[in-house]
Amino acid sequence: MSQGDEASPNPETPDAPFDRESDLDAEIDITPRVVLAAFAGGAAGLLAMVPVLFALPAFLQLFRADSLVDLAELGRVLGLEPSLLLGLVVFVGGGTVALPLLFVVGGAFLPPREPRAVRGLTFATIMWTGFVIAFWPGEYAGAIFLGLSLGAHWVYGYVLGTTMERFAYIPQHAV
């Protein structure tokens, strides 16, 4: 899209941290503030998704800790024996550090164009597909698992995107 395709808004009234109307195609750098906001959003998103992803399935006796222990197999690379605690550490580390960093880099390329915070929902839906493969409980709870895990990921994505927009911004890369 070229600059001449749209009427330019009044440059004297920009929104913080950038003029949203004219600068969506402009490059906005990834700063330490953006990264810290992403980490905070990831941690808050994990806390918000716990009731949907773990508490409700545990109440319905659908939760199996085996999947988290399987996730801890990654610890064998470092010589650590898989355990539920290590699985939780990997899960929390992924949701607090790895996924938010991926969102910082990839969120600029996701729909919708506006509101930018909703890009967190798109991101979470994409990440949910991998989660379903990694944590599939089997046919005994398939439909309930799909619904609860998708809802939990939407909560995570909404909180991640909203936190980043509130305390920093979702980076935009010129493409």
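This report covers the fold, helix packing, core and cis peptide bonds of a predicted model.

**Overall fold**

The chain is all-helical in its assigned elements: five helices and zero strands. Read along the sequence, the pattern is α-α-α-α-α. The chain has 175 residues, and 38% of them count as buried. Among contacts between residues at least 6 apart in sequence, 68% join residues at least 24 apart.

**Helix packing**

Two packed helices are described by the angle between their axes and the distance between the axes. Helix 3 takes part in both pairs listed here.

| Helix pair | Axes come within | Crossing angle | Handedness |
|---|---|---|---|
| Helix 1 and helix 3 | 8 Å | roughly 130 degrees | right-handed |
| Helix 3 and helix 5 | 12 Å | roughly 65 degrees | right-handed |

Take helix 1 and helix 3. Helix 1 spans residues 32-59 and helix 3 spans residues 84-106. Their axes cross at roughly 130 degrees, and the two helices are therefore oblique to each other. On the helix 1 side, the contact uses Val34, Val35, Ala38, Phe39, Gly42, Ala43, Leu46, Leu53 and Phe54. On the helix 3 side, it uses Phe91, Val92, Gly95, Thr96, Val97, Pro100, Leu101 and Val104. By class, the residues of this contact divide into 14 nonpolar, three polar and no charged.

Now helix 3 and helix 5. Helix 3 contributes Gly95, Leu99, Pro100, Phe103 and Val104 to this contact. Helix 5 answers with Tyr156, Leu160, Gly161 and Met164. The split here is seven nonpolar, two polar and no charged. Gly95 of helix 3 meets helix 1 and also meets helix 5. Pro100 and Val104 likewise appear in the contact with helix 1 and in the contact with helix 5.

**The nonpolar core**

In soluble globular proteins, nonpolar side chains tend to be buried together. In this model, the largest nonpolar core has 26 residues. Which residues have the most contacts inside it? They are Phe91, Phe103 and Met164. Helix 1, helix 3, helix 4 and helix 5 each supply at least two residues of this core. Helix 4 covers 119-135, and helix 5 covers 142-167.

Phe91 deserves a separate look. Setting aside residues up to four places away in sequence, Phe91 touches Leu46, Leu53, Phe54, Leu68, Leu71, Phe131 and Phe135. Of these partners, Leu46, Leu53 and Phe54 belong to helix 1. Phe103 and Met164 sit on opposite sides of another contact: Phe103 is in helix 3 and Met164 is in helix 5.

**Ser149**

Ser149 is found in helix 5. Is Ser149 buried or exposed? Its relative accessibility is 1%, so Ser149 counts as buried. Leaving aside neighbours within four places in sequence, Ser149 is in contact with Leu53, Trp128, Phe131 and Val132. Val132 is 17 residues away along the chain, and the C-alpha atoms of Ser149 and Val132 are separated by 7.7 Å. Two of these partners, Leu53 and Phe131, also touch Phe91.

**Cis peptide bonds**

Most peptide bonds are trans. Where does the model depart from that? The bond from Pro111 to Pro112 is cis, with omega near -5 degrees. A cis bond also joins Glu114 and Pro115, with omega about -10 degrees. Pro112 lies in the loop between helix 3 and helix 4. Pro115 lies in the loop between helix 3 and helix 4 as well.

Technical notes
Residues are numbered from 1 along each chain as its sequence is written. This is a predicted model: local features need pLDDT of at least 70, side-chain atom pairs count only at pLDDT 80 or more; totals for chains, interfaces and linings use all residues. Side-chain values use heavy atoms; hydrogens and water are left out. Axes are lines fitted to C-alpha atoms, for helices over the stretch in contact, and angles run from 0 to 180 degrees between N-to-C directions. Helices (H or I, at least four residues) and strands (E, at least two) are DSSP runs, numbered from the N terminus. Angles under 35 degrees count as roughly parallel, over 145 as roughly antiparallel, 65 to 115 as roughly perpendicular and the rest as oblique. A crossing is left-handed if the near helix is turned anticlockwise from the far one by less than a right angle, and right-handed if clockwise. Contact means heavy atoms within 4.5 Å. Ala, Val, Leu, Ile, Met, Phe, Trp, Tyr, Cys and Pro count as nonpolar, Asp, Glu, Lys and Arg as charged, and the others, Gly among them, as polar. A nonpolar core is a set of buried Ala, Val, Leu, Ile, Met, Phe, Trp, Tyr and Cys residues joined through side-chain atoms within 4.5 Å. Buried means under 20% relative accessible area, exposed over 50%, partly exposed in between (1.4 Å probe, protein chains only).
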